[in-house]
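Here is a brief report on selected strands and one helix. The sequence and structure come first.

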Amino acid sequence: MAAAATGRARRTARLSAAALLALPALALLALPPGGSGGGSCGGGGSEAQPGSSPLLPLPPGLREELRQRRRDLRRLEAAAGGGEAAAGRLGCGDLSRATAVSVLGWGFTKVVSRAALEGGGAVALKSVHGAGREVRRCVQRYGSPAGCRRLAAYKLLKEVTLLQRLQHPGIVQLHGQCYENSGDAELRVTAMLELGSPLEMIQLLQTPWEERFKICLSLVKLLFYLAHSPLGSIVLLDFQPRQFVMVDGNLKVTDMDDASTEELSCKEDNDCTLNFPTKSFPLKCSAVGKCEGINEKKNLFNAYRYFFTYLLPHSAPPALRPLLSDILNATGDLRYGINETVKAFEKVLHLYKSGLYLQKRPLLLKDYISLKGFRTVEGEDYKCWPSYSYLGCLLSVHSAEEAAAICNSQSQCQSFVVTQQRTWTGRPLASFQSSWTDLIPDTNAVVYIKRLTSSGERL
């Protein structure tokens, strides 16, 4: 009997992913005894677990902050409209069996760790950072460590709720979650997420333009989704490169606890100025008392100043630079909304993939001899920037004709091979060499050799 009671208590205290769908997240934030809780959602959330010590009352100020966060979460769940939420497949049992847990990093509120799953694979674990700045400031103010950790746990509850409702390739995937209600003021929350690598802007600046364009295009598609999400227009209040990760070469936002579905209320247009450190934008106050498009425009300008400015223009194909300049100017002045920005990016992508940007260029392939059934020996050769290989000059091309133009522009280039490798756009990679003497048979390859060598000798 005692064992059965203990088992029931554990099942009550530990909520798996499936149980979460039956119990709103805000029920887990039910206030402990010591004052009016403003209503209970989910039932029993304010009662101590069997065998636990009586709960200590929380300071009035901390209690009020908890109430406010419960109200915020209630609004978020109401905005979801009761639609179907995506449940992660992992729960508390999977978390307890995880191994090789190592800390990846931390911020003001949360700590992120890597963990290996019992059945293979790995996940990122997010939990409250008990020594983080948010908890420390709260403890200095209220003197209640457990209550302050519970307050910080709200952000993870909010993030889990958002990730359950928002399904997009540009948003990190929620694999599961575990909630442990210890019976005191504290609530332990662990979110199990898709594992990615930090976004390194300096490293991105050294990658080929096509890869940087992919990052910006992915970001634009994400912002389009956020502007038209099932929860309404969503703004990323802490929009920084550090809030994103790379997963299998794709950009994903990983930090959603500072996202908001609320648009700024207003009485007149003067209430709707969108301020940034170097610019301000006047917006309109709508008939319903909301600043029109303020969430969408804030996201878009942040994308411009943190991503587009650095990643779009450098080493872009010359024929595409005027279009990219238009995108930079229009997003930097917020003349474009997200719909117009998506169309502009898709136009650039179409021109690039189709090769239409190469029109009205002289035909240079006639100046090359083609040797079918051969390729050059792979090895270290002259470098070019930005190359797909650190060993030599490997660039994305639309065709052998474009490769010939590139080879002509490089004094060291004497030959090239259009390889079978493809980029994300489907374009082949061409390898450029400073000689053509080391040839080996390859039935699928063609070597293109300059008829006029650098010494002036005609082949």
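## Strand pairing around β4

In this predicted model, strands β3 (residues 110-116) and β4 pair in the antiparallel sense, with seven bridges between them. One contact point is easy to place: Ser113 has Leu125 of β4 as its bridge partner. The two strands form a hairpin with five residues between them. Gly120 in this hairpin takes a positive phi near 105°.

Strand β4 also pairs with β6 (residues 187-193). These two run antiparallel and are joined by four bridges. Here Ala124 has Leu193 of β6 as its bridge partner.

## Burial of β4

Strand β4 spans residues 122-128 and is mostly covered. Of its seven residues, five are buried. In a regular strand, side chains alternate between the two faces of the sheet.

## Helix α11

Helix α11 covers residues 338-354, 17 in number. From first C-alpha to last it reaches 24 Å. That is close to the 24 Å expected at 1.5 Å a residue. Just after the helix, Gly355 takes a positive phi of about 80°.

## What α11 packs against

Which residues of α11 are buried? They are Ile338, Thr341, Val342, Ala344, Phe345, Val348, Leu349, Leu351 and Tyr352. An α-helix has 3.6 residues a turn, so residues three or four places apart point the same way.

The cover over the buried residues of α11 includes three helices, α8 (209-227), α9 (294-311) and α10 (321-332). Strand β15 (393-396) is also part of that cover.

Conventions
Residues are numbered from 1 along each chain as its sequence is written. This is a predicted model: local features need pLDDT of at least 70, side-chain atom pairs count only at pLDDT 80 or more; totals for chains, interfaces and linings use all residues. Side-chain values use heavy atoms; hydrogens and water are left out. Buried means under 20% relative accessible area, exposed over 50%, partly exposed in between (1.4 Å probe, protein chains only). Two strands pair if DSSP finds at least two bridges between them. The expected span of a helix is 1.5 Å times one less than its number of residues. Contact means heavy atoms within 4.5 Å.
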